[in-house]
Amino acid sequence: WSEVGAADLWAAARDFAWVPVGWNLLKIPITAARIPLLEDELAGRAVVRRYSVAGNLAWLAWPEDPATLHGLLASLGLSALVLWGPPGQPLLGKRAAEPFARRVKQALDPANRFGEV
């Protein structure tokens, strides 16, 4: 590999050039043991994915409304952050810290000026 070729490769990865134009991008914390479960659920669907951080992070390019993944992720005990997508709920799937986050929000924003957690 040349330095230029490697630089282009890393730039494309950094810029998510592999995500088709107009698709949504989701970031999913995962463990290597759960990757096959996610793969089984995604089999046959139009989705592009990459795994990083030694299998501890999944990146999904999804052509549909990201909310359609909420139930699937929750059933696998996974959560996701919608990085590119329609406005609305950026957090999908299982949200283990939700009760704590609601208490913090209530303490810091009792008038609910900044929306829901």
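These exercises work through a predicted model of a protein.

**Exercise 1. The fold in outline**

Find how many helices and strands the protein has, and in which order they run.

Solution.
- Step 1: Count the elements. The protein has four helices and five strands.
- Step 2: Read from the N terminus. The order is α-β-α-β-β-α-β-β-α.
- Step 3: Frame the C-alpha atoms along the principal axes. They fill a box of roughly 55 × 30 × 25 Å.

**Exercise 2. Burial, surface and contacts**

Work out what share of the residues is buried, what share of the accessible surface belongs to carbon and sulfur atoms, and what share of the contacts joins residues at least 24 apart.

Solution.
- Step 1: Take the 117 residues of the protein. Buried ones make up 27%.
- Step 2: Turn to the accessible surface, about 7,600 Å² for the protein. Carbon and sulfur atoms hold 61% of this area.
- Step 3: Take contacts between residues at least 6 apart in sequence. Of these, 54% join residues at least 24 apart.

**Exercise 3. Charges and salt bridges**

Find the distance between the mean positions of the positive and negative charges. Then list the salt bridges and classify each partner as buried, partly exposed or exposed.

Solution.
- Step 1: Count the charges. There are 12 positive and 11 negative ones, and their mean positions lie 8 Å apart.
- Step 2: Count the salt bridges. The structure holds three.
- Step 3: Start with arginine 14 and aspartate 15. Their closest N and O atoms are 3.0 Å apart. Arginine 14 has 58% relative accessibility, so it counts as exposed. Aspartate 15, at 44%, is partly exposed.
- Step 4: Go on to glutamate 39 and arginine 49. Here the closest N and O atoms are 2.9 Å apart. The pair links distant parts of the chain, ten residues apart: glutamate 39 sits in helix 2 (residues 35–42), arginine 49 in strand 2 (residues 48–52). Glutamate 39 is partly exposed, at 24% relative accessibility. Arginine 49 is partly exposed too, with a relative accessible area of 23%.
- Step 5: Finish with lysine 105 and aspartate 109. Their side chains meet at 2.6 Å, N to O. The cut-off for buried is under 20% relative accessible area. Lysine 105 has 16% and therefore counts as buried. Aspartate 109 has 8%, so this residue is buried as well.

**Exercise 4. The nonpolar patch**

Name the residues of the nonpolar surface patch, and say which strand gives the most to it.

Solution.
- Step 1: List the members. They are Leu81, Leu83, Trp84 and Leu91.
- Step 2: Take their accessible area together. It comes to about 310 Å².
- Step 3: Assign the members to elements. Strand 4 (residues 79–84) gives the most, with three residues.

**Exercise 5. Leucine 81 close up**

Place leucine 81 in its element. Decide whether it is buried, partly exposed or exposed. Then find which residues it contacts beyond its sequence neighbours.

Solution.
- Step 1: Locate the residue. Leucine 81 lies in strand 4.
- Step 2: Check its exposure. Partly exposed covers the range between the 20% and 50% cut-offs. Leucine 81 has a relative accessible area of 32%, so it is partly exposed.
- Step 3: Leave aside neighbours within four places in sequence. Leucine 81 is then in contact with Leu25, Leu26, Lys27, Pro90 and Leu91.
- Step 4: Pick out Leu91. This contact of leucine 81 is also a member of the nonpolar patch.
- Step 5: Compare sequence and space for leucine 92. Leucine 81 and leucine 92 are eleven residues apart in sequence, and their C-alpha atoms are 6.5 Å apart.

Key
Residues are numbered from 1 along each chain as its sequence is written. This is a predicted model: local features need pLDDT of at least 70, side-chain atom pairs count only at pLDDT 80 or more; totals for chains, interfaces and linings use all residues. Side-chain values use heavy atoms; hydrogens and water are left out. Helices (H or I, at least four residues) and strands (E, at least two) are DSSP runs, numbered from the N terminus. Buried means under 20% relative accessible area, exposed over 50%, partly exposed in between (1.4 Å probe, protein chains only). Contact means heavy atoms within 4.5 Å. Accessible areas come from the Shrake-Rupley method with a 1.4 Å probe; for residues, only the protein chains shown count as cover. Lys and Arg count as positive and Asp and Glu as negative; His and the chain ends are not counted. The place of a charge is taken as NZ of Lys, CZ of Arg, CG of Asp or CD of Glu. Patches are made of residues with over 30% relative accessible area and no salt bridge: like charges are joined within 9 Å, nonpolar side chains (Val, Leu, Ile, Met, Phe, Trp, Tyr) within 5 Å. A salt bridge is a side-chain nitrogen of Lys or Arg within 4 Å of a carboxyl oxygen of Asp or Glu.
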